[in-house]
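Subject: A structure for you to look at

Hello,

Here is the structure I promised to pass on. Please open it beside this message, and my notes will follow underneath.

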Amino acid sequence: MAKNKTITVQGLEITILKFENQDYISLTNMLEAKDGDFFISDWLRNRNTVEFLGIWESIYNPNFNYGEFAIIKSQAGLNNYKLSVKEWVAKTNAIGLKATAGRYGGTYAHKDLAFEFGMWISAEFKIYLIKEFQRLKEDENDRLHLTWNLNRTLSKINYRIHTDAIKQTIIPENITKEQAHFIYANEADVLNVALFGKTAKQWRTENPTADGNIRDQATIEQLLVLANIESMNAEFIRLEISQSDRLIKLNQIAINQLQSLTTNPNIQKLK
């Protein structure tokens, strides 16, 4: 579970957490905006609510228990019908609602369901909730885009320094382009092993469905260290230090720099 974020909707602070890389919004916080003495279980007992939750789960949850859902649906709306979030999740294997304990404890809903809950509070609240959530995501995207550009630019500059050093020092004359490409790839994996502890091929074998490559999935700290050790490796190559010795040196440098960066408050602000 990632660090929480908050948005303010009509003066009310609402917490947002990440579960399985999806945004979940606090219904507990949102409930404070509803006039009168109401509970989330009051929303759950509504037949329209149950039908909506069931449709959402059927689309996004392959493990949804349709048998239990049918029983719940048949009882929804009856005067004596009551259902808690924990009961809903336990009976149907639902993933759209979460009941959590601890510091950020409470009931959370996937953003799709939270917007529907917002309508139960009021149409006006739902509109402001969606507006503030969209603003948060736009701000996140702007920051991520800036960070991505910064680190990609650094990597491109250092990559040129690195490949020039390989070309001038390691690659002999009159070899084919295919042979040269193999040497470049081999040296790129020296950096991969020093920083990530594995080659690009090993990472791909371990992550067959992931987007991009091992470096596309790197953190900000790892990208900064990569830019540093690329330029260092270029200098080591020019000094004709053996590949095995370079790998040991680069690995130790990567460890030291990552330890330093992960405790640097200025780097943490970029996240």
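Helices (H or I, at least four residues) and strands (E, at least two) are DSSP runs, numbered from the N terminus. With that in hand, look just past helix 4, which is followed by Gly-77, a residue with a positive phi near 95°.

Please keep in mind that this is a predicted model: local features need pLDDT of at least 70, side-chain atom pairs count only at pLDDT 80 or more, and totals for chains, interfaces and linings use all residues. Residues are numbered from 1 along each chain as its sequence is written, and side-chain values use heavy atoms, with hydrogens and water left out.

First, the overall picture. The protein has 12 helices and 5 strands. Of its 271 residues, 38% count as buried; buried means under 20% relative accessible area, exposed over 50%, and partly exposed in between (1.4 Å probe, protein chains only). About 16,100 Å² of the protein is exposed, and carbon and sulfur atoms supply 52% of that area. Accessible areas come from the Shrake-Rupley method with a 1.4 Å probe; for residues, only the protein chains shown count as cover. Taking contacts (heavy atoms within 4.5 Å) between residues at least 6 apart in sequence, 59% join residues at least 24 apart.

Next, the salt bridges. The structure holds 8 of them, each being a side-chain nitrogen of Lys or Arg within 4 Å of a carboxyl oxygen of Asp or Glu. One pairs Asp-23 with Lys-137, whose closest N and O atoms are 2.9 Å apart. This pair links distant parts of the chain, 114 residues apart: Asp-23 sits in strand 3 (residues 22-26) and Lys-137 in helix 7 (residues 123-169). Both Asp-23 and Lys-137 are buried, and together with Lys-18 they are linked in a network of salt bridges.

Helix 7 also has a salt bridge between the side chains of Arg-135 and Asp-139, at 3.1 Å from N to O. Because Arg-135 and Asp-139 are 4 residues apart in helix 7, about one helical turn separates them. An α-helix has 3.6 residues a turn, so residues three or four places apart point the same way. Arg-135 is partly exposed, at 36% relative accessible area, and Asp-139 is partly exposed too, at 30%.

A further salt bridge joins Glu-230 and Arg-215, with 3.5 Å between the closest N and O atoms. Glu-230 lies in helix 10 (residues 220-238), while Arg-215 lies 15 residues away in the loop between helix 9 (200-206) and helix 10. Glu-230 and Arg-215 are both buried.

A few other places deserve a visit:

- Helix 4 (residues 66-75) is capped at its N-terminal end by Asn-65, with a side-chain oxygen 3.1 Å from the backbone nitrogen of Gly-67.
- Thr-107 belongs to strand 5 (residues 106-110) and is buried, at 11% relative accessibility. Leaving out residues up to four places away in sequence, Thr-107 touches several residues, including Ile-25, Ile-40, Val-85 and Lys-98.
- Asn-186 is in helix 8 (residues 177-196) and is partly exposed, at 32% relative accessible area. From Asn-186 to Thr-199 is 13 residues in sequence and 9.1 Å in space, C-alpha to C-alpha.

Happy exploring, and do write back with any questions.

Best wishes

Note on methods: Polar contact = N/O pair within 3.5 Å; in protein donor to acceptor, adjacent residues only side chain to side chain.
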